[in-house]
Amino acid sequence: APSTPRVSPRGARVSSGAAPGSRRRRPRRRGARARRPNLPVTQQNHAARRALLLLLRAAPEGDDEYYSSWSKYPDDPNIPPEITSLLREVGDGDADVWATKPPWCQPWTIVMTGAMIVCAPTAVFGWKWASAFLTLPIGAWWFAFLIAYPKQFREYVEIARGYYDRPRRE
């Protein structure tokens with residue numbers, strides 16, 4: 001005889017391994033995000049969101065450099081969109097990595113935070129050995145973010161600008 005699904009007294013389907021009278025519970029929704037439908041992320045959807053974000057971060061009125069970068073670096077299917085958005089943000093001027101970073105990620109905050117971390121053990125507990133121990137990782141952190149990263153960013157922007165300087169195949 002074919003098996004028929006069991007039904008609980010309340011009318012809910014019961015899985016074959018469940019005890020009679022029990023019913024399966026649906027997972028609870030958590031927060032407002034769970035109530036929204038999940039939309040598939042497509043290339044078109046992603047591109048529209050990126051364009052909206054760039055428009056929201058538009059430069060103040062009277063600053064034509066931002067809008068000229070859109071005409072200088074148009075959307076091109078042969079160029080990765082990350083490179084296009086980077087060049088639109090940086091523009092034609094000097095590739096300054098700090099112009100693209102938020103206020104809490106500026107060189108002065110990196111130096112100030114590192115100095116406070118190095119000085120804190122000596123100032124609070126009198127542990128000079130802990131301050132000496134912390135200088136090596138903080139120095140490496142400073143080297144990476146204050147010297148190596150800006151240099152690498154400038155090189156990357158120059159390589160990215162090369163994508164638009166190449167002759168295009170039609």
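Biologist: Why is F125 called exposed?
Modeller: In this predicted model, F125 has a relative accessible area of 54%. Exposed starts over 50%, so F125 earns the word.

Biologist: Let's talk rings. How many aromatic pairs are there by the 6.5 Å centre-to-centre rule?
Modeller: The count comes to five. One of them is Y73 with Y164.

Biologist: What makes the Y73 and Y164 pair edge-to-face?
Modeller: Two values settle it. The centres sit 5.0 Å apart, and pairing asks for within 6.5 Å. The planes make an angle of 70°, and edge-to-face needs over 60, so that's the label the pair gets.

Biologist: And how do you know that this pair links distant parts of the chain?
Modeller: Look at where the two residues sit: Y73 is in the loop between α2 (64-72) and α3 (81-90), while Y164 belongs to helix α5 (residues 128-165). They're 91 residues apart.

Biologist: Are Y73 and Y164 buried or exposed, and why?
Modeller: Buried means under 20%. Y73 comes out at 3% relative accessible area and Y164 at 9%, so both pass as buried.

Biologist: Back to F125, then. Why is its pair with W127 called stacked?
Modeller: The ring centres are 4.6 Å apart, with the planes at 25°. Stacked means planes under 30 degrees apart, so the F125 and W127 rings qualify.

Biologist: What do you call W127 in terms of exposure, and why?
Modeller: Partly exposed. Its relative accessible area is 38%, which falls between the 20% and 50% limits. W127 also shares one aromatic cluster with F125 and W129.

Biologist: Let's move to T109 in helix α4 (residues 107-125). Why is T109 called buried?
Modeller: Its relative accessible area is 10%, and the limit is under 20%, so T109 counts as buried. Setting aside residues up to four places away in sequence, T109 touches P103 and W104.

Biologist: What makes T109 and Q106 a polar contact?
Modeller: A polar atom of the T109 side chain lies 2.6 Å from the backbone oxygen of Q106. The cut-off is within 3.5 Å, so the distance fits.

Biologist: Last topic, the largest nonpolar core. Which of its 14 residues touch the most other members?
Modeller: L86, L87, V90, F153 and V157. Both α3 and α5 supply at least two residues each to this core.

Biologist: What does V157 touch, leaving out residues up to four places away in sequence?
Modeller: L86, L87, V90 and A95. Contact here means heavy atoms within 4.5 Å.

Technical notes:
Residues numbered from 1 in each chain as written. Predicted model: local features only at pLDDT ≥ 70, side-chain atom pairs only at ≥ 80, totals over all residues. Heavy atoms only, no water. Phe/Tyr/Trp six-rings, centres within 6.5 Å; stacked < 30°, edge-to-face > 60°. Helix = DSSP H or I, 4+ residues; strand = E, 2+ residues; numbered from the N terminus. Buried < 20%, exposed > 50% of the residue type's maximum accessible area, 1.4 Å probe, protein only. Polar contact = N/O pair within 3.5 Å; in protein donor to acceptor, adjacent residues only side chain to side chain. Core = buried A, V, L, I, M, F, W, Y, C linked by side-chain atoms within 4.5 Å.
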